[in-house]
Amino acid sequence: MNKIVKHLGVFSRQSSESDWVSTSIAWVVKDTLVLLGQQLINNGITIDSNFQKEPLKIHGNNNMLESVFQNLMINSKDSFALVPGKTNKHIKISATKVPEGIKVVYEDNAAGITPEVQARMFEPFFTTKDPGKGTGLGMSVLLGIVKDHGGTITCNSEVGFGTVFTMIFPELSQEEVEAIPKKVNVCKAMSTLDSRTKVLVVDDDPDILELMETALGTCCSVTSHVDPIQAVEDIKEKAFDVIMTDLRMPNMDGVYITTVAQRFQPQTPVLVITGNDKADQDLQQCLDLGATGILHKPFSNIVNLFDYVQNVLKGKSS
Ligand SMILES: Nc1ncnc2c1ncn2[C@@H]1O[C@H](COP(=O)(O)OP(=O)(O)O)[C@@H](O)[C@H]1O
Ligand SMILES: [Mg+2]
């Protein structure tokens with residue numbers, strides 16, 4: 001869990017609307033390197049940053065922008081590991097003013113990305129890494145953050161040579177940023193949920209569990225159990241803000257979990273996770289017992305998941 005949160009970057013840090021400030025890409029990159037620089041150097045990677053002298057200000061959220069660069073750097077580091085024996089490993093970052101705003105060019109000379117992977121790399125949960133190594137969330141969250149800042153990102157990559165990401169951030173005022181239709185709205189979704197939000201997830205499928213931990217762990221405090229018996233123990237002893245339970249598990253079902261949840265913490269919303277689209281007696285029973293909603297597997301959109309949890313919490317407090 002910790003490993004995944006680390007892998008994802010700084011998302012576990014709390015963030016709020018007021019964190020939107022006038023900031024500079026140069027500062028953001030420097031702050032990111034405070035955290036990651038040594039790790040890159042230890043991997044034999046040199047970082048060459050080149051910023052125009054005058055401060056290139058944008059209106060942005062520093063934590064979110066830092067996670068953009070963290071994700072880029074960690075991906076580069078992982079890609080360098082695919083080229084054993086490579087020397088002269090470098091990452092170059094530059095920022096300059098162009099008519100459209102601030103142009104940031106991020107470049108590595110790692111393994112490069114095939115056109116097939118380029119076509120899919122921004123999809124949530126798409127990864128070419130081994131299970132447990134990659135979450136496939138980095139690039140999708142990164143894209144959401146860039147969009148929330150009114151920016152764009154393009155990729156140019158050649159296998160065997162490396163990758164260039166070009167981002168353009170408009171020089172926006174606060175009013176202009178607020179006017180951006182936040183369709184992806186990762187920043188907002190992550191800023192209203194915070195690490196004090198306690199979520200319990202129980203699912204016998206370790207992949208689903210990992211996915212939920214990863215997605216929700218970016219902004220909430222997640223307790224997860226493969227074993228429903230342990231989940232029941234927790235429900236009896238600890239308070240949660242949201243409980244999510246799989247409907248079908250080997251030695252206990254979602255109906256029982258819902259019953260226990262209603263009995264020990266009746267104020268806590270219960271979401272039932274199901275892979276079944278059709279009407280289902282057990283599912284209906286959960287709803288009759290007081291379950292708040294249904295979450296359909298597979299989850300294709302991390303932002304929907306955030307939104308869902310947020311809405312449930314909103315309903316709870318009103
Ligand atoms: N700089 C890079 N060099 C090579 N491949 C990359 C780079 N950045 C991203 N990728 C590819 O994009 C995929 C998705 O990246 P990401 O969303 O961060 O998920 P993850 O890192 O967990 O796999 C990676 O698995 C990798 O194949
Ligand atoms: Mg990544």
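Colleague: What residue classes make up the shell around ligand 1?
Modeller: In this predicted model, the shell has twelve polar, eight nonpolar and two charged residues. Gly counts as polar here, so Gly134 and Gly138, which are among the closest residues to ligand 1, fall in the polar class.

Colleague: What makes a residue part of that shell, and how many residues surround ligand 1?
Modeller: The C-beta atom, placed from the backbone, has to lie within 6 Å of the ligand. By that test 22 residues surround ligand 1. The closest are Asn75, Thr127, Gly134, Gly138 and Met139.

Colleague: Which helices supply at least two residues each to the shell?
Modeller: Helix 3 (62-80) and helix 5 (138-148) do. Helix 3 gives the largest share, four residues.

Colleague: What makes you describe helix 5 as mostly covered?
Modeller: Ten of its eleven residues are buried. To be called buried, a residue needs 20 or more other C-beta atoms within 10 Å of its own. The buried residues of helix 5 include Gly138 and Met139, which are also among the residues closest to ligand 1. Asp148 is on the buried list as well. After the helix comes Gly150, with a positive phi near 75°.

Colleague: How do you know that Val68 touches helix 5, and through which residues?
Modeller: Val68 touches Leu142, Ile145 and Val146, leaving out residues up to four places away in sequence. Those three are among the buried residues of helix 5. A contact requires C-beta atoms within 7 Å.

Colleague: What is the largest nonpolar core made of?
Modeller: It has 67 residues, and those with the most contacts inside it are Ile25, Val68, Val199, Leu200, Met212, Ile243 and Met244. Helix 3 contributes the largest share of this core, seven residues. Domain 1 (2-189) and domain 2 (193-317) each provide at least three residues.

Colleague: Why is Ile235 called buried?
Modeller: Ile235 has 25 other C-beta atoms within 10 Å. The cut-off is 20 or more, so Ile235 is buried. Ile235 lies in helix 9 (residues 228-237). Beyond its neighbours within four places in sequence, Ile235 is in contact with Leu200, Ile243, Val260, Ala261, Phe264 and Gln265. The C-alpha atoms of Ile235 and Gln265 are separated by 7.5 Å, with their positions 30 residues apart along the chain.

Colleague: And why is Glu175 called exposed?
Modeller: Glu175, in helix 6 (residues 174-179), has 8 other C-beta atoms within 10 Å. Exposed means 12 or fewer, so Glu175 is exposed. Its C-alpha atom is 9.7 Å from that of His59, 116 residues apart along the chain.

Colleague: What is noted about the phi of Asn88?
Modeller: The phi of Asn88 is positive, about 55°, although Asn88 is not a glycine. Asn88 sits in the loop between helix 3 and strand 4 (89-98). With 8 other C-beta atoms within 10 Å, against a limit of 12 or fewer, Asn88 is exposed.

Colleague: Where does pLDDT stay under 50?
Modeller: Over residues 1-16, for which the model has 38 contacts beyond four places in sequence. The protein averages a pLDDT of 82, and 81% of the residues score at least 70.

How values were computed: Residues are numbered from 1 along each chain as its sequence is written. Chains are lettered from A and ligands numbered from 1 in the order in which they are written. This is a predicted model: local features need pLDDT of at least 70, side-chain atom pairs count only at pLDDT 80 or more; totals for chains, interfaces and linings use all residues. pLDDT is the predictor's confidence in each residue, from 0 to 100. Two residues are in contact if their C-beta atoms, placed from the backbone, lie within 7 Å. A nonpolar core is a set of buried Ala, Val, Leu, Ile, Met, Phe, Trp, Tyr and Cys residues joined through C-beta atoms within 7 Å. Domain bounds come from an automatic or database domain assignment.
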